[in-house]
Amino acid sequence: MAGLRRRAWLAALPSTLALAACGFRLRGVPQFAFQTMYIEAPVASPLARELQRTLAGSSTALQVWREPAQLPQAQVVFELLQEQNERTVVGLNASGQVRELQLRLRIKFRLRDQKGEELLEPTELLQTRDISYSETIALAKEAEEALLYRNMQTDLVQQLLRRLAAVRLP
C-alpha cells in the first residue's frame with residue numbers, strides 16, 4: 001500500500017514541476033491600487049450590481065460605493081457608459097423560420113480619478129453566444145437566453161476585475 005502511494009506521488013511530481021517551471025499559478029484575489037471606488041451607472045443596471053457585489057467580496061481593503069453623496073470621497077470613479085443586450089437572427093430554415101440566434105452583451109466603460117484624469121480610456125467589451133431556436137419550445141429558449149446573458153455578464157465582470165487590478169494610480 002505504501003509503495004502504491006509513493007508511486008502515485010512520484011507520478012504527480014513531474015507535472016507539478018513542469019507547471020511551476022512554466023510560471024503557472026492560480027489567479028488569486030486581485031489587488032487594486034486604490035482603496036475606494038464609486039460606480040456611476042444606472043440604478044437598474046444588473047452588470048453594475050454584480051460588479052459592486054464582486055468587488056466588495058473580492059477584497060476587504062476596497063470600498064465600493066454607488067450613493068451619489070459618496071462620490072467626492074472616492075479615489076476612482078468607474079463610469080458605465082453603455083450596457084446593451086442584442087439579439088440577432090443568424091440562421092433560418094428552408095421555410096424562413098428562425099433556427100439560430102446570436103446573443104451579444106456589449107458594455108462601454110471608463111475609469112477616472114477624482115481630478116477627471118482617465119486611468120482607463122473609454123473601452124468597449126463584447127461577449128457573444130450562439131443559441132439554437134425552436135418555436136415549439138419557446139419558453140425554454142427564453143430561460144436559456146436569460147441564463148446565457150447572466151453568464152456573459154459574469155464573464156464581463158471578471159474581465160473588468162482583471163482590468164481594474166492592472167490600473168496604477170499616478
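## A walk through the strands and their contacts

Four bridges tie strand β1 to strand β3, residues 76-92, and these two strands run parallel. That's a handy place to start in this structure, which is a predicted model. To see the pairing at the level of single residues, look for Met37: it stands opposite Val76 in β3.

Strand β1 has another partner too. Three bridges connect it to strand β2, made up of residues 63-65, and here again the strands run parallel. On this side you can pick out Tyr38, which stands opposite Trp65 in β2. So how much of β1, residues 36-40, is buried? Four of its five residues are, so the strand is largely enclosed by the rest of the structure.

Now let's turn to the charged side chains. Searching the whole structure turns up 10 salt bridges. One of them brings us straight back to β1: Arg112 forms a salt bridge with Glu40, and their closest N and O atoms are 3.8 Å apart. Arg112 belongs to strand β4 (residues 98-113) while Glu40 belongs to strand β1, so this contact ties together parts that sit 72 residues apart in sequence. Are the two partners buried or exposed? Arg112 counts as buried, because its relative accessibility is 14%, below the 20% cut-off. Glu40, on the other hand, comes out at 31% and therefore counts as partly exposed.

Strand β4 also reaches β3 through a salt bridge. The side chains of Arg106 and Glu86 meet with an N to O distance of 2.9 Å. Arg106 is in strand β4 and Glu86 is in strand β3, so to speak two distant parts of the chain, 20 residues apart, linked by this pair. Glu86 has a relative accessibility of 14%, so it counts as buried.

Next, follow β3 to a helix. The side chains of Arg87 and Glu145 meet in a salt bridge, at 3.2 Å from N to O. This pair links distant parts of the chain, with Arg87 in strand β3 and Glu145 in helix α3 (residues 138-165), 58 residues apart. Arg87 is partly exposed, with a relative accessible area of 48%, whereas Glu145 counts as buried at 14% relative accessibility. Some salt bridges also share partners, and in that way Glu40, Glu79, Arg110, Arg112 and Glu118 are joined into one network. You've already met two of its members, Glu40 and Arg112, as a pair.

Arg87 has something else to show you. Its charged end sits over the ring of Tyr133, 5.9 Å from the ring's centre.

Rings can pair with each other as well, and the structure holds two aromatic pairs. How are the rings of Phe78 and Phe109 arranged? Their centres are 5.5 Å apart and their planes are at 20°, so the pair is stacked. Phe78 lies in strand β3 and Phe109 in strand β4, so the two rings tie together parts that are 31 residues apart in sequence. Phe78 counts as buried, at 1% relative accessibility. Phe109 counts as buried too, with a relative accessibility of 1%.

To put the strands back together: β1 is joined by bridges to β3 and to β2. Strand β4 ties in through side chains, with Arg112 linking it to β1 and Phe109 linking it to β3.

Key: Residues numbered from 1 in each chain as written. Predicted model: local features only at pLDDT ≥ 70, side-chain atom pairs only at ≥ 80, totals over all residues. Heavy atoms only, no water. Buried < 20%, exposed > 50% of the residue type's maximum accessible area, 1.4 Å probe, protein only. Pairing = 2+ DSSP bridges. Salt bridge = Lys/Arg side-chain N within 4 Å of Asp/Glu carboxyl O. Phe/Tyr/Trp six-rings, centres within 6.5 Å; stacked < 30°, edge-to-face > 60°. Lys NZ or Arg CZ within 6 Å of the ring centre and 35° of its normal.
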